[in-house]
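Subject: Structure for you to look at

Hi there,

Here is the structure I promised to pass on. Have a look at it first, and then read on for my notes.

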Amino acid sequence: MNSVLPTAQQPTLDQIAEWQAFIEAGQASVVDPAGLRVLEAAGLCLDLTGQMASPQLGEAGQALLAARDFDLYRDKLLSGQSINNTEDRAAWHTMLRAPAPVEAVAAERQRMNEFIRKADSERRWRNIIHIGIGGSDWGVRLTVGAFGYAGTWRRVRFAASIDGHAIEGALSGLNPHDTLIVLASKSFTTAETLQNGQRAIEWQRNAGVEDPYANLMVVTARPDLAKAWGAPESQIFRLWDWVGGRFSLWSSVGLTTALAVGSDVVAGMHAGAAAMDAHFASASFEKNAPIQMALAGIVNRNALGYASLNIAPYDFRLANLVPYLQQLEMESLGKSVDLDGDPVSVATGPAVWGMPGTDAQHTFFQWLHQSSDGAPVDFIVCQEAGHHWPEHHRSLLANCLAQREALLQGKSYEDALQECLAAGVPQEKAEWLAKHRVHPGGRPSNLIVLPKLTPYTLGALLALYEHKVFVQGVVWGINPFDQWGVEYGKVLAQGITEELSGAKAKDGGHDASTAYWVKRFSG
Ligand code: F6P
């Protein structure tokens, strides 16, 4: 077995001295609002001032990584060795954005760029329907939203869900004769994508398009299946087994992005991500942004007991960063057995949630500030805006800093009382009201600052999170590159679909509720 961490006979993570020392140091540390801690990486700033810190914690973190053979696993990751042990393959997404990639990657990049040059010079396809789900969807939505938020010369629609309303809505109003169908599926077996793809082909055919397959581009690691489905070979772009679905935006899955907002956007993102890869590979422990961010996250999860992580992009253009990171973090770290299949003895990846600011402030920030639980927050903001209303951007920046400061510094009862009294509230009422206005403070956060939103900085940002997740996977001893939890439901859904259609007899093995609804939904 390609085991990376302890065998069954070896101690569990919580029994390892380096782990215990790290957790104890995390619990004994404090968030020091006066202890400014800012790291620079690939053009981004990561401000960790809002995280637990102490010299002991730093030393314990370094010892913990050594105890988990971190350097070895980082080398394996970056050199394309097999690191995804349950699927027996590499997770070599860094190669997709390498400045001098291996031949197959370079050739596919060139093919894609030529395709785009031709389509653009012919002004072909004013509409794109991008069909894919999960990793074959979120990265494209994110980048098209980030750089095409004010409109793109090609109209782009997305259809991901199996819900027929999704494809119906996505196709509605498009000219079938001038629409390119981009079907992205690494496995080319994903039911949602194949069914939505069929609907799009039918839609073109019903509108009189003679050969709908001429308006189809497929991106997949299974060209054989795509060909059998009807896609002409010349219209298939390849990706490889060693590209995990949630890392595939770096591959030809970026086709729609390039058609919508330009090949230079894709190239810029590659450059930014590659710069973060280089930083991750070579920056010292203290200055390594993904490593420090990962360790801060482990303190929050395991020393302080926070079960979730809030993502707060103070940037309207990054709305899809939240679901993108949800997939990256939760598919990667939502595991509870280690590489040997033994239960992990500590809590692993947090639930990830969020919404862009300032909308988030008016939705759930109350809970972040004053609930009994709270959650660490990643604030993400650009120093410079892309629009020309400085007063908007000043307010946005101020809100971002203010929310973070409130979480960090809090507000004491005494300050709240003075505030009430100063506002003319009578003493007795002020003493009561002040209790409701206390903010505990000391709630952890990161602040990530992009000088401005460019393909380069977005690429660096995504790679920062990818590597942070990897470091956490190594420390927790789990495989951050598989997703078996998603597979079981797919199998059950297939069986229930057949029961609902009558193709299969009702399954006696269902629980009472599922059996009841299968019967009712079968009409
Ligand atoms: O949701 C599970 C998953 O396997 C993701 O990991 C993947 O991004 C998505 O489905 C889509 O898979 P595919 O690209 O193979 O259609």
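Please keep in mind that this is a predicted model.

Let me begin with helix α2, which covers residues 55-67. With 13 residues at 1.5 Å each, the helix should span 18 Å, and its end C-alpha atoms are indeed 18 Å apart, so expectation and model agree. The buried residues in α2 are L57, A60, G61, L64 and L65. Looking down the axis of α2, you will find these buried residues within an arc of 135°, so they line one face of the helix. There is a general reason behind such a pattern: an α-helix has 3.6 residues a turn, so residues three or four places apart point the same way. On the face of α2 turned away from the buried side sit the exposed residues P55, Q56, E59 and A66.

What covers the buried residues of α2? The cover includes α1 (17-28), β4 (52-53), α3 (70-78), α12 (289-303) and α18 (455-476). Just after α2, you may also spot D69, which takes a positive phi of about 55°.

Next, the open space. The largest pocket holds about 1000 Å³. Its lining is made up of 38 residues, with S187, T190, V486, E487 and K490 lying nearest the centre. Elements giving two or more residues to this lining are β6 (89-90), α8 (191-206), α13 (321-333) and α19 (484-501). Of these, α19 provides the largest share, with 7 residues. By class, the pocket lining has 13 nonpolar, 16 polar and 9 charged residues.

There is enclosed space as well: the structure holds 4 cavities of 30 Å³ or more. The largest cavity has a volume of about 140 Å³ and is lined by 15 residues, of which G297, N300, L309, K468 and Q472 are nearest its centre. At least two lining residues come from each of α12, β12 (308-314) and α18, and the largest share, 4 residues, is from α12. Two of the elements here, α12 and α18, also help cover the buried residues of α2. The cavity lining divides into 6 nonpolar, 6 polar and 3 charged residues.

One last residue to click on is H93, in helix α4 (residues 93-96). Is H93 buried or exposed? Its relative accessibility is 2%, under the 20% cut-off, so H93 counts as buried. Beyond its neighbours within four places in sequence, H93 is in contact with L77, W242, F247, W250, E466 and F481.

Happy viewing, and best wishes!

Notes. Residues numbered from 1 in each chain as written. Predicted model: local features only at pLDDT ≥ 70, side-chain atom pairs only at ≥ 80, totals over all residues. Heavy atoms only, no water. Expected span 1.5 Å × (residues − 1). Buried < 20%, exposed > 50% of the residue type's maximum accessible area, 1.4 Å probe, protein only. Arc of directions from axis to C-beta. Contact = heavy atoms within 4.5 Å. 1 Å grid on protein atoms, 1.4 Å probe; cavity = no way out; pocket = protein on both sides within 12 Å on 5 of 7 lines; lining within 4 Å. Points joined across faces, edges and corners; volume = space filled by probe spheres on them. Nonpolar A, V, L, I, M, F, W, Y, C, P; charged D, E, K, R; others polar.
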